[in-house]
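This report covers the overall make-up of one protein chain, then its cores, and then a few individual residues.

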Amino acid sequence: MNTFPNLRLLIPVVIWASIRTLSAEVVINEIMYHPPHPNQSPEPRQEEFVELHNTDPGNAVDLTGWSFTSGFTFTFPSVSIPAGGFLVVASDPAGFAARYPGVTTTLVGPYTGRLSNSSERIRLVDALGVEIDSVTYSHDGDWAMRRRGPLDQGHRGWIWQSLADGGGSSLELVNPMLSNKQGQNWLDSLAAGGSPGAVNSVASTDVPPFISKVSHAPLVPTSLDLVVVRAELTDEQLTSALSATVHYRISTGTPGAFTVLAMADDGLSGDDLPGDGVFAAALPAHADGTVIEFYIEAGDGTQIRTWPGPT
């Protein structure tokens, strides 16, 4: 049998108060990569921006000589980010100021280049060229929502949708204390135009577990094979609070309800070591030619996430 998810479903990562050059606290926090342009009007690229956030509540960070070297290019003048504060790098500072007249945070620019409307790596380095932060955003996969696609040879796949992709929102980091390289830690802004210079509209200190490294084996099972589905969960809560289930069903033009199986992190279920955050469950064998679609749901006792992301 062919027991792998529909590919379009999976296409789916000493206290002192002075200005210092230590930089681990500075993160890429918000990205406006595709400003809205209704009715097929020209895209207002002058409204593109990237926001940095200093997560250190007690110390400002000097950015003099720092630069963006990928996605666009820009070298910082003599400027700093206050403790716990924000800084906006704009494609066109005048255009940004016109679009966001109420934003009073530090504004620098213009930068050279344009952000991709699909996927781009943004890289920030310090004055010595040492990488401080980098983010590779996308308009699909973990960076977007999904919805059912059209019927195709008896199966309905999934297509991706993101309000940050020209729909009026920016991409906002949810919890800056967790990795911003993980698309599941980013959401479309709730506020139209985003929230430059302020706490993100989607900010939270309690996020659902990140679900990564999803796999199934064997890749092409026979009608006699159980199929072990695995995933790694990461969360700011204790590993002991994590739980996961796999939801699966036969894929047809009019599919039925999902069957739910508990996944275990006990070292005995096809996972790795007990309590290491890797969960697994075995799906039963199916007849040759069967196509199975599945998704994973994970929780930490208060928050729940699915992978692929919600519809």
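## Overall make-up

Of the chain's 311 residues, 47% are classed as buried. The model is a predicted one, and the mean pLDDT of the protein chain is 88, with 92% of the residues scoring at least 70. Two helices and 21 strands make up its secondary structure. Along the principal axes, the C-alpha atoms occupy a box of roughly 65 × 55 × 30 Å.

One stretch calls for caution. Over residues 1-22 the pLDDT stays under 50, and the model has 78 contacts beyond four places in sequence for this stretch. Where pLDDT is low, predicted coordinates should not be read in detail.

## Nonpolar cores

The largest nonpolar core has 31 residues, of which Ile31, Phe68 and Phe76 touch the most other members. At least two residues of this core come from each of β1 (26-32), β2 (49-54), β7 (86-90), β9 (119-125), β10 (131-138) and β13 (171-173). Strand β1 gives the largest share, four residues.

With residues up to four places away in sequence left out, Phe68 touches Ile28, Val50, Leu52, Thr73, Phe74, Phe76, Val89, Ile122, Arg123 and Leu124. A second core, separate from this one, has 18 residues, including Ile211, Val246, Tyr248 and Met263.

## Asp188 and Asn175

Asp188 sits in strand β14, which spans residues 186-188. The residue is buried but has no salt bridge, and Arg147, the nearest side chain of opposite charge, is 12 Å away. What does the side chain of Asp188 make a polar contact with? One partner is the side chain of Ser162, at 3.1 Å. In addition, a polar atom of the Asp188 side chain lies 2.8 Å from the backbone nitrogen of Leu163. Apart from neighbours within four places in sequence, the contacts of Asp188 are Ser162, Leu163, Ala164, Ser169, Ser170, Leu171 and Val202.

Asn175 belongs to the loop between β13 and β14. Asn175 counts as buried because its relative accessible area is 5%, under the 20% cut-off. Its side chain reaches the backbone nitrogen of Met177 at 3.0 Å. Outside the four nearest places in sequence, Asn175 is in contact with Asn185, Ser204, Thr205 and Val207. Between Asn175 and Gly256 there are 36 Å, C-alpha to C-alpha, and the two are 81 residues apart in sequence.

The polar distances of these two side chains are set out below.

| Side chain | Partner | Distance |
|---|---|---|
| Asp188 | Ser162 side chain | 3.1 Å |
| Asp188 | Leu163 backbone nitrogen | 2.8 Å |
| Asn175 | Met177 backbone nitrogen | 3.0 Å |

## Backbone geometry

Most residues other than glycine have a negative phi, and most peptide bonds are trans. The following cases depart from that pattern.

The peptide bond from Gly109 to Pro110 is cis, its omega near 0 degrees. Pro110 lies in the loop between β8 (106-108) and β9. Ala217 and Pro218 are also joined by a cis peptide bond, with omega about 0 degrees. The position of Pro218 is the loop between β15 (210-217) and β16 (227-234).

Lys213, not a glycine, has a positive phi of about 55 degrees. Lys213 is part of strand β15. Is Lys213 buried or exposed? Lys213 counts as exposed because its relative accessibility is 62%, over the 50% cut-off.

Technical notes:
Residues are numbered from 1 along each chain as its sequence is written. This is a predicted model: local features need pLDDT of at least 70, side-chain atom pairs count only at pLDDT 80 or more; totals for chains, interfaces and linings use all residues. Side-chain values use heavy atoms; hydrogens and water are left out. A nonpolar core is a set of buried Ala, Val, Leu, Ile, Met, Phe, Trp, Tyr and Cys residues joined through side-chain atoms within 4.5 Å. Buried means under 20% relative accessible area, exposed over 50%, partly exposed in between (1.4 Å probe, protein chains only). Contact means heavy atoms within 4.5 Å. Lys and Arg count as positive and Asp and Glu as negative; His and the chain ends are not counted. A salt bridge is a side-chain nitrogen of Lys or Arg within 4 Å of a carboxyl oxygen of Asp or Glu. A polar contact is a pair of N or O atoms within 3.5 Å; within protein, one must be able to donate a hydrogen and the other to accept it, and residues adjacent in sequence count only if both atoms are side-chain atoms. pLDDT is the predictor's confidence in each residue, from 0 to 100.
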